[in-house]
Amino acid sequence: MPVVGFGTSRTEDPGSQVEMALSAGYRHFDCALCYENEHEIGKALTKMLKSGAVKREDLFITGKVWGTSNRGNLVEASCEQTLSDLQLEYLDLFLIHSPIALQPGMGTLEPLDSDGVPIMDSDPPPFSETWGAMERLVEAGKCKNIGLSNFNISQIQEILDCAKIKPANLQVESHPFFPNLELLEFCCKNDISFVAYGPLGSPGRTWMDKDQPSLLEDEDVLKIAQKHGVSAGQVLIRYQVDK
């Protein structure tokens, strides 16, 4: 898995962005069904693969099963949808996007009640059920590796206790304001690779309090950037690589 990846969440014109990222040298792309842009990304990947600009074996593509498909009998269909949209025969990594199971069968990825509150699955599956379905995807050759996203230590341990195939990766938020060091240490001890999303502090997130400081404008980050003649973003990416 390449150390630095290209995130596709909230990406404007995702097809063009992926093409530019490929041309710039990115080979690791983080995708998810709930980003609702995998179809456009698939077109871009196919275009670049057919042109010979890149080979499939040189790419590392991550997908994720969303909470409305955490039930064991829904996981495979979610993976198949991602494969179809991305126009791929297999994924390099497939993650359970969240430990929270949402109500399936409501025709939306974000089922909400009349007050706008997410509707939890009325029959939430145990982690062992979802993970068993993930393992079957590996056995069927639909993904090479499986892992977790947004899980805490006790939840990861529950997976480890039932797994035939252990999680290869954990993806969680991590940056200088929220380094998640305890999770990183746990992953190191259990030979689970650690991927940080939001390494720049997710400056575009809509839920951020207006009074929250911006990592890209942090005084210390800017001082380090100026000292080394690089951007604040490069400093924050280097922080993750070194960590």
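User: Let's begin with the cysteines. How many disulfides are there in this structure?

Analyst: A disulfide needs two cysteine sulfur atoms within 2.5 Å. By this rule the count for this predicted model is zero. Take Cys79, which is in no disulfide: the nearest cysteine sulfur belongs to Cys143 and lies 5.1 Å away. Cys79 is also a buried residue, with 0% relative accessibility.

User: And why is Cys187 not bonded to Cys188?

Analyst: Again, look at the distance between the sulfurs. The closest cysteine sulfur to that of Cys187 is in Cys188, and at 7.1 Å it is too far for a bond. Cys187 is buried as well, with a relative accessible area of 1%.

User: Next, the strands. How many residues of strand E3 are buried?

Analyst: To read this, check each residue of the strand, then each face. In E3, which spans residues 60-65, six of the six residues are buried, so the strand is largely enclosed by the rest of the structure. Both of its faces are covered. Phe60, Thr62 and Lys64 are buried on one side, and Ile61, Gly63 and Val65 are buried on the other.

User: Which strands pair with E3, and in what sense?

Analyst: Here you look for bridges between strands. Strand E2 (residues 28-30) pairs with E3 in the parallel sense over three bridges, and Phe29 has Ile61 of E3 as its bridge partner. E3 also pairs with strand E4 (residues 93-96), in the parallel sense and over four bridges. There, Val65 stands opposite Ile96 of E4.

User: How does the chain get from E3 to E4?

Analyst: Follow the chain from one strand to the other and note what it passes through. From E3 it crosses through helix H3 (residues 72-86) to reach E4, in a right-handed β-α-β crossover. There is also a right-handed β-α-β unit made by E2, helix H2 (residues 38-51) and E3.

User: What about a helix: which residues of H8 are buried, and which are exposed?

Analyst: With a helix, ask where the buried residues sit around the axis. In H8 (residues 232-242), the buried residues include Ala232, Gly233, Val235, Leu236 and Gln240. They cover an arc of only 165° around the axis, which puts them on the same side of H8. Arg238 and Asp242 are exposed on the other side of the helix. Among the elements covering the buried residues of H8 are strand E7 (193-197) and helix H7 (219-228).

User: Which residues touch the most other members of the largest nonpolar core?

Analyst: For a core, look at its members and at how they touch one another. The largest nonpolar core has 42 residues, and Ile61, Leu91, Phe94, Met134, Ile156 and Leu170 touch the most other members. Helix H4 (residues 127-139) gives the most to this core, with five residues. For a closer look, try Leu91: leaving out residues up to four places away in sequence, its contacts include Ile61, Gly63, Cys79, Leu83 and Cys143. A second, separate core has six residues, among them Leu215, Ala225, Ala232 and Val235.

User: Last one: is Ser128 buried, exposed or in between, and how far is it from Glu158?

Analyst: Compare the accessible area first, then set distance along the sequence beside distance in space. Ser128 is found in helix H4 and is partly exposed, with a relative accessible area of 39%. Ser128 and Glu158 are 30 residues apart in sequence, while their C-alpha atoms are 8.0 Å apart in space.

Note on methods:
Residues are numbered from 1 along each chain as its sequence is written. This is a predicted model: local features need pLDDT of at least 70, side-chain atom pairs count only at pLDDT 80 or more; totals for chains, interfaces and linings use all residues. Side-chain values use heavy atoms; hydrogens and water are left out. Buried means under 20% relative accessible area, exposed over 50%, partly exposed in between (1.4 Å probe, protein chains only). Helices (H or I, at least four residues) and strands (E, at least two) are DSSP runs, numbered from the N terminus. Two strands pair if DSSP finds at least two bridges between them. A crossover is right-handed if, with the strands pointing away from the viewer, the path from the first strand over the helix to the second runs clockwise. The arc is that of the directions from the helix axis to the C-beta atoms. Contact means heavy atoms within 4.5 Å. A nonpolar core is a set of buried Ala, Val, Leu, Ile, Met, Phe, Trp, Tyr and Cys residues joined through side-chain atoms within 4.5 Å.
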